[in-house]
Amino acid sequence: MNAVTTLTVEDGVAVVTIDSPPVNALSAPVREGLKAAFAQAEGDDAVRAIVLACAGRTFIAGADIREFDSELVGPHLHDVQAVIEASTKPTVAAIHGTALGGGLEVALCCHFRVAVPSARVGLPEVALGLLPGAGGTQRLPRLAGVPAALDMMVGGRPIRADKACELGIIDKIVPEGELLAEAVSYARKAADAGTKLVRVRDRSEGLAQDTGPEVFAEFRKKHARAFHGFKAPANIVKAVEAAVALPFDEGFKREGELFEELVHSNESKAQRYQFFAERETAKIPDIPKDMPHIPVKSVGVIGAGTMGGGIAMNFLNIGLPVTIVEAKQEVLDRGVATIRKNYQITVDKGRMTAEQLDERMGLLKPSLAMDDLAQVDLIIEAVFEKLELKQEIFGKLDGIARPDAILASNTSFLDVDAIAAATQRPETVVGMHFFSPANVMKLLEVVRGEKSSDSVVATAMAVGRRIGKVAVLSRVCDGFIANRMMAPRMEAAQALILEGPMPSQVDKAMVAYGFPMGPFAMLDLVGLDVIGWDAATSSSSTVTEVLCEMGRWGQKKSGGFYDYDEKRRPSPSPVADQVVRDFQAKSGKQHREFSEREIVERLLFPVVNEGAKLLDEGIAIRASDVDVALVYGYGWPVFTGGPLFWADIVGLDRVIAGLEAAGHEPAPLLERIAADGRKLHQYQVA
Ligand code: T1G
């Protein structure tokens with residue numbers, strides 16, 4: 001064996017234990033040790049049964065994702081599985097934590113699987129742009145059936161042990177704390193009873209029904225939209241079709257072909273990059289990982305509007321008491337009612353119980369008095385975006401809040417340092433910028449002020465993770481990271497429609513690229529009037545101004561850049577398009593047809609350029625943080641890796657040429673990295 005895989009034999013049962021923190025991933029040493037241990041147990045006459053267990057917090061969490069971009073070292077996982085599956089003695093996988101990807105695929109090579117109730121199992125490879133490449137697409141349907149297997153592999157979400165037991169993936173649920181003893185007992189009983197040992201590959205109970213072509217056709221139809229832009233889901237479905245149509249070995253071979261198509265694709269490289277990038281955001285170079293966090297057991301939210309209500313829900317969801325403060329009773333009542341309504345929607349969808357709704361609402365304390373925030377640990381201000389108003393509030397908080405309370409502003413672009421300066425305790429002030437809807441969007445920008453203390457910053461980042469957000473650290477600048485990055489896309493889009501393409505054509509190119517919607521559809525959704533239009537000073541100088549002057553404020557007025565029917569379904573608006581044509585005529589620009597690629601590059605190269613600028617200014621710690629922020633804050637398609645990863649795929653020289661051709665000044669950092677032949681997405685501020 002080796003340092004990460006040990007073999008002990010007791011009373012005829014061999015226990016193979018993997019101990020490879022943090023998640024027992026199937027690295028080369030683990031594969032090496034596994035193969036040797038099972039071979040030794042098989043050759044040892046004293047061994048009558050074998051248990052595979054893991055030390056630490058979880059069963060095997062999958063292949064070692066870091067290995068995909070380098071040459072294979074050590075035995076191939078398939079070879080390890082072949083040794084396990086060739087066992088003539090009962091083999092039992094003892095599952096706790098999460099058995100994921102290759103981990104579950106290894107467990108499926110054992111005859112039996114037992115798990116504790118808190119365990120979860122899954123094949124999440126689709127989130128990495130991959131498919132289960134160690135027999136999962138062939139073995140899982142044989143146990144769980146095609147529909148459940150397709151849902152698990154295309155959805156990528158782990159399922160609970162009890163559900164896995166229902167599906168036949170797990171053979172027995174055993175009490176917490178007794179996993180190993182129960183697994184050993186299960187193995188011994190199978191040996192003593194001479195239980196017939198059938199390999200999962202030789203089982204077919206899951207293929208007895210729901211395997212017709214209509215099952216696959218229906219599944220493809222139902223998920224067509226979600227598949228858009230991703231390659232892995234389609235290959236997963238093909239692999240399961242092979243499991244139904246072909247003998248195991250041929251299906252397994254087909255799985256391998258389909259896996260190979262994916263593992264070398266840009267989409268999978270992008271999604272694997274995002275996997276690690278998301279985890280990297282928690283690492284702040286100049287703040288030690290073990291920096292003590294300030295305890296946060298109670299929260300105050302100032303402002304019960306859309307943002308304040310959504311922010312409050314995040315903390316109610318994790319069982320923290322929230323005092324929500326408003327200046328006017330009717331606004332407060334409306335805010336509380338909205339929170340309850342949003343929870344009720346979740347109850348109606350069966351994703352929450354009425355008791356949970358009551359529990360959460362019971363934790364909410366509405367108040368008209370800021371003095372009620374005197375004892376809370378964290379206060380988040382979420383009032384109107386007006387610096388003077390925020391400064392007034394923080395000035396009052398200075399005299400109300402506990403000296404060690406964290407004072408956070410949800411401002412989306414205002415100067416956090418100017419807000420902090422309104423207090424005598426700037427070291428406790430930080431930005432916590434949520435994205436709307438605040439209880440849904442995963443991105444949280446933590447804005448580090450010049451005087452924000454390390455423990456306040458570390459705590460705000462940790463609180464973000466506690467409420468299920470992806471927290472990205474930003475310094476102070478207009479728009480921080482995500483909003484600042486996306487502003488140039490809107491500017492470029494407004495400029496481009498003067499050169500030829502209609503708004504709907506621009507949006508279509510953005511959707512084809514992978515965005516959930518294009519910039520003009522987003523403007524209609526948000527409301528043309530709320531992005532800085534002022535009726536008093538409006539002078540018909542832009543398309544947006546003219547549309548606003550016409551009362552075409554967007555969806556809420558059933559028309560903006562698009563017309564909307566009673567179900568808010570959009571269609572290009574002849575009225576709006578005519579306004580665009582009038583501006584085209586006045587622009588004096590030679591207008592022409594644009595390909596989708598040209599539209600994409602005209603809109604997104606300036607975004608890449610802005611990313612290089614903010615990195616050069618030290619606003620973000622690293623390029624991958626920027627990519628994570630755009631994926632989670634604006635739905636930037638994850639299979640592109642984000643703007644900066646995508647720029648490396650396109651080629652920085654092409655990006656720079658495209659910027660210059662469109663009249664933009666390439667950022668100096670972009671030119672330096674391109675000149676050095678480095679990768680933009682690997683850039684980290686020193
Ligand atoms: N490979 C390498 N490193 C991994 C890893 C993996 N599979 N999983 C986690 N890590 C690292 C992670 O980067 C972090 O490192 C640390 O472990 C803790 O992770 C052949 C092809 C298991 C639910 O997709 O979902 O098998 O930042 O912060 O929140 O068919 O990790 O500390 O340096 O996420 O408690 C399929 C991925 C692989 C599972 C635990 N498996 N992992 O969550 O901790 S492909 C997955 C997770 C595959 C086969 C295919 C989660 C977790 P660092 P963490 P966590």
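1. A polar contact is a pair of N or O atoms within 3.5 Å. With that cut-off in mind, and remembering that this is a predicted model, one can turn to the ligand: a backbone N or O atom of A63 lies 2.8 Å from one of the ligand's oxygen atoms, so the pair falls within the 3.5 Å of a polar contact. The side chain of R57 offers an N or O atom at 2.6 Å from an oxygen atom of the ligand, and a backbone N or O atom of I65 is placed 3.0 Å from a nitrogen atom of the ligand.

2. How much of the ligand does the protein bury? The ligand taken alone exposes 1,000 Å², and the protein buries 77% of that area. There are 27 residues around the ligand, of which R57, A63, E105, E125 and R279 come nearest.

3. As for the elements behind this shell, those that give two or more residues are strand 5 (98-100), helix 3 (102-107) and helix 11 (266-280). Helix 11 gives the most, with three residues.

4. One open sheet consists of six strands in the order 1-2-3-4-6-9, with mixed pairing, and its edges are strand 1 (5-10) and strand 9 (172-173), each of which pairs on one side only. Within this sheet, strand 3 (residues 49-54) and strand 4 (residues 91-95) pair in the parallel sense over three bridges, and the bridge partner of I50 in strand 4 is T91. Helix 7 (residues 179-192) packs on the sheet, where it touches strands 1, 2, 3, 4, 6 and 9, and its direction makes about 160 degrees with that of strand 3.

5. A further open sheet has eight strands, in the order 12-11-10-13-14-15-16-17, and here too the pairing is mixed. Its edge strands, each pairing on one side only, are strand 12 (364-367) and strand 17 (470-475), while the twist from one strand to the next averages 25 degrees. Strand 14 (residues 406-409) and strand 15 (residues 429-434) pair in the parallel sense over three bridges, and in strand 15 the bridge partner of A408 is V430.

6. Which helix lies across strands 10, 11, 12, 13 and 15? That is helix 12 (residues 306-316), which runs at about 170 degrees to strand 11 (322-325).

7. Finally, an unreviewed UniProt entry carries the annotation "domain: 3-hydroxyacyl-CoA dehydrogenase NAD binding" for residues 299-473. In the model, the end C-alpha atoms of residues 299-473 lie 21 Å apart, and the span is 41% helix and 21% strand.

How values were computed: Residues numbered from 1 in each chain as written. Predicted model: local features only at pLDDT ≥ 70, side-chain atom pairs only at ≥ 80, totals over all residues. Heavy atoms only, no water. Pairing = 2+ DSSP bridges. Helix = DSSP H or I, 4+ residues; strand = E, 2+ residues; numbered from the N terminus. Axes fitted to C-alpha atoms, helices over the stretch in contact; angles between N-to-C directions. Contact = heavy atoms within 4.5 Å. UniProt positions renumbered as here; feature names shortened; annotations may be inferred. Near = heavy atom within 4 Å. Polar contact = N/O pair within 3.5 Å; in protein donor to acceptor, adjacent residues only side chain to side chain. Areas by Shrake-Rupley, 256 points an atom, 1.4 Å probe, with all protein chains shown as cover.
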